[in-house]
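Here's a protein model to explore together. Have a look at the sequence and the 3D view, then read on for a guided tour.

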Amino acid sequence: MINIITLHDICNPGSVFQAYALNKYIIDCGYDCEIIDYVPSYSHIGSNKIKGIIKNILFGRTQKRIKDKYRRFIVNNIRITKKMYSDYSELSKDCPKADLFIAGSDQLWNRTYDCGNDEAFYLSFVQDLPKISYATSLGKKEVSEEDLNFIAKRIKDYNYISVRENSSCEMLKEKVGKDVNWVCDPVFLLKNEDYLKFSTPRLNDKYIVVYLSSASKLLEEVLLFARKSGYKIVLLGGNITRCTCDIHVKDMGPEDFISYISNAEVIISSSFHATAFAHIFEKKFGVILPPSNGERIESLLSISQLESRIINNADDFSRVFSEIDYTNISKRLQSFIVSSKDYLNDAIKKSLRSN
């Protein structure tokens, strides 16, 4: 049995689909695999606790619909442990039985967030059994010496370590004194048909999707350009309308995300996973880099060589709406994906053999 710990049960499509993908890929490789149903109390509040509490009070009904959609998706599509754990002490006292433990992807080791300070996501509850990480993220290009020491101390006993950003790879190598591999996010381990089965058409008109972009003058200028090209605007997620749009999908669940993204003409986002799925579904897209944590998007665009899709000013608008020839891009991505799969398969086999 292989057990994964990751951020699988928060109302964020990227988190849920990276968990789904890693779980499914390992099962498809012939292993028994479950995700530890670890749902700490902070996971449904967010990093800004006051804001999270207010949001639940003001938008309680919508938040409940969203949570129900996510939990239903998880129960129906992800193999999770029978027992749910709500804090680290529960995991320590009753560690789920497995032959190998994997710290999965997402920003598990980003100490800006609660998860990066939670011993559970470093597998500290696992004693005398093999541990590996797959595409785990520190979330940022610059990490303090204190944070690097904190992380390195907790992962030095790992059999194999891999991360999602190249910069994280270089920083950790020096600290842990062993190889650290740069691998693709789990969503790339599956084929697009593995996601399209969750997709249903939502609109007859041509539209662009806006996801996780903060309100800004630049975003409004992009959307004005889009309207002149005849597109409708669909804003995904959030309780507040952050831009001029025709449709605002406030109660977005995982299937809604895949459906709107896979059927869109263009995707405008500050989100890593929206950018990843733009590649998977071979869509036109533009990226407005977030003020922090943009490293993971830049790492992906460096592989696909689509840095030109980053929107900095009006000169970039026409490129965003131009066609992309994915032939060579897919070859470059596929090479990275194959090497990532080889690493993961090898790490699993050797770790299980050593146990």
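How do the residues of the lining of the second largest cavity divide into nonpolar, polar and charged? Keep that in mind while we look at the empty spaces. One thing before we start: this is a predicted model.

## Closed-off spaces

Searching the whole structure turns up 2 cavities of 30 Å³ or more. Let's take the second largest cavity, since that's where our question points. Its volume is about 40 Å³. The residues around the second largest cavity are Thr6, Leu7, His8, Asp9, Ile10, Tyr38, Pro40, Ser43 and Phe121. And here's the split: 5 nonpolar, 3 polar and 1 charged. If you're wondering how anyone finds a hole like this, rolling a probe the size of a water molecule over the atoms shows where empty space is left.

The largest cavity has a volume of about 100 Å³. It has 14 lining residues, and Asp185, Phe272, Leu300, Ile303 and Phe336 are the ones nearest its centre. Two helices, α11 (295–304) and α13, each put at least two residues into this lining. Of the contributors, α11 gives the most, with 4 residues. Sorted by class, the lining of the largest cavity has 10 nonpolar, 1 polar and 3 charged residues.

## An open pocket

Next up is the second largest pocket, which holds about 310 Å³ of space. Count 16 residues around this pocket; nearest its centre are Leu190, Asn192, Ile280, Gln334 and Ile337.

Which helices should you look for here? Both α10 (272–280) and α13 (326–354) supply at least two residues each to the lining of the second largest pocket. The largest share, 7 residues, comes from α13. You've met α13 already, as it also supplies at least two residues to the lining of the largest cavity. As for chemistry, the pocket lining has 8 nonpolar, 4 polar and 4 charged residues.

## A strand covered on both faces

Now find strand β4, residues 100–103. A bit of background helps: in a regular strand the side chains alternate between the two faces of the sheet. In β4, Leu100 and Ile102 sit on one side, with Phe101 and Ala103 on the other. Are these four buried or exposed? They're all buried, so both faces of β4 are covered, buried here being under 20% relative accessible area.

What about the neighbours of β4? Strand β1 (residues 2–5) runs parallel to β4, and 4 bridges join them. Within that pairing, isoleucine 2 stands opposite leucine 100. Strand β5 (residues 131–133) is also parallel to β4, joined by 3 bridges. There, lysine 131 in β5 is the bridge partner of phenylalanine 101.

## A five-stranded sheet

Further along the chain, 5 strands make an open sheet with parallel pairing, in the order β10-β9-β8-β11-β12. At the edges are β10 (247–249) and β12 (284–287), each of which pairs on one side only. Neighbouring strands of this sheet are turned by 20 degrees against each other on average, direction ignored.

Zoom in on one edge of the sheet. Strand β9 (residues 232–236) and β10 run parallel and are joined by 3 bridges. Here you'll see leucine 236 standing opposite valine 249 in β10.

## Rings meeting rings

Finally, the aromatic side chains: there are 24 aromatic pairs in the whole structure. One of them is phenylalanine 17 with tyrosine 20, an edge-to-face pair at 6.3 Å centre to centre, with 90 degrees between the planes. The two residues share helix α1 (residues 13–28) and are 3 residues apart, about one turn of the helix. Phenylalanine 17 and tyrosine 20 are both buried.

Another edge-to-face pair joins phenylalanine 101 and phenylalanine 125, at 6.0 Å centre to centre and 90 degrees between the planes. This one links distant parts of the chain, 24 residues apart: phenylalanine 101 is in strand β4, while phenylalanine 125 is in the loop between β4 and β5. Both of these phenylalanines are buried too. To finish, look for the cluster that ring pairs build from Phe17, Tyr20, Phe73, Tyr195, Phe198, Tyr211, Phe257, Phe277 and Phe281.

Key. Residues numbered from 1 in each chain as written. Predicted model: local features only at pLDDT ≥ 70, side-chain atom pairs only at ≥ 80, totals over all residues. Heavy atoms only, no water. Buried < 20%, exposed > 50% of the residue type's maximum accessible area, 1.4 Å probe, protein only. Pairing = 2+ DSSP bridges. Axes fitted to C-alpha atoms, helices over the stretch in contact; angles between N-to-C directions. 1 Å grid on protein atoms, 1.4 Å probe; cavity = no way out; pocket = protein on both sides within 12 Å on 5 of 7 lines; lining within 4 Å. Points joined across faces, edges and corners; volume = space filled by probe spheres on them. Nonpolar A, V, L, I, M, F, W, Y, C, P; charged D, E, K, R; others polar. Phe/Tyr/Trp six-rings, centres within 6.5 Å; stacked < 30°, edge-to-face > 60°.
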